Amino acid sequence: MTQTWVKVGRIGDIPQRGARCVKNGDMSIAIFRTADDRVFALEDKCPHRNGPLSQGIVHDGCVTCPLHNWVISLETGLAQGADEGQTLSIPVRLEGDEIVLGIGGLA
Ligand code: FES
């Protein structure tokens, strides 16, 4: 399936160590900005019980879910430590200061 890249805003729209949500159909996608200005995108759904990862704390390339403190890798969406599960990770890149999401083929 062809990858569709869509501009969804600027990195300056997201606070460092924060997140912002965009919708793609029924899916809510959380875009995270790390302290060193990298961006990652995950479905805004914790693999534990669907907690809103966009409201979690970003640290060390991970986000801690606000509900029960699972730690999810921003890069892979995998739960860390003893917890098991994976959140869908969405391709994202920066073009200058613009955030571009690769959302082709997603439901
Ligand atoms: S829903 Fe995220 S840790 Fe429970």
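Here are some short exercises on the structure above, each with a worked solution.

This is a predicted model, in which local features need pLDDT of at least 70, side-chain atom pairs count only at pLDDT 80 or more, and totals for chains, interfaces and linings use all residues. Residues are numbered from 1 along each chain as its sequence is written, and side-chain values use heavy atoms, with hydrogens and water left out.

**Exercise 1.** Find out how many disulfides the model has.

*Solution.*
- Start with the rule: a disulfide is a pair of cysteine sulfur atoms within 2.5 Å.
- Applying this rule gives 0 disulfides.
- Take Cys21 as a check: the nearest cysteine sulfur belongs to Cys65 and is 13 Å away, and Cys21 is in no disulfide.
- Next, look at accessibility, where buried means under 20% relative accessible area, exposed over 50%, and partly exposed in between (1.4 Å probe, protein chains only).
- Cys21 is partly exposed because its relative accessibility is 36%, whereas Cys46, at 2%, is buried.

**Exercise 2.** Describe the largest nonpolar core and the strands that supply it.

*Solution.*
- A nonpolar core is a set of buried Ala, Val, Leu, Ile, Met, Phe, Trp, Tyr and Cys residues joined through side-chain atoms within 4.5 Å.
- The largest one has 14 residues, and Ile29, Ile31, Ala41, Ile90 and Leu101 touch the most other members.
- Strands (E, at least two residues) are DSSP runs, numbered from the N terminus.
- Strands E3 (27-33), E4 (39-43) and E10 (98-102) each give at least two residues to this core.
- E3 provides the largest share, with 3 residues.
- Another core, of 13 residues, lies apart from it and includes Cys46, Val58, Val63 and Cys65.

**Exercise 3.** Place Leu67 in the model and list what it touches.

*Solution.*
- Leu67 sits in the loop between strand E6 (62-64) and strand E7 (71-73).
- Its relative accessible area is 48%, so Leu67 is partly exposed.
- Contact means heavy atoms within 4.5 Å.
- Leaving out residues up to four places away in sequence, Leu67 touches Gly51 and Pro52.

**Exercise 4.** Compare the phi of Asp37 and of Asn69 with the general pattern.

*Solution.*
- Most residues other than glycine have a negative phi.
- Asp37, in the loop between E3 and E4, is not a glycine but has a positive phi of about 65°.
- Asn69, in the loop between E6 and E7, also has a positive phi, near 65°.
- Asp37 is partly exposed at 33% relative accessible area, while Asn69 is exposed at 56%.

Terms used
Helices (H or I, at least four residues) and strands (E, at least two) are DSSP runs, numbered from the N terminus.
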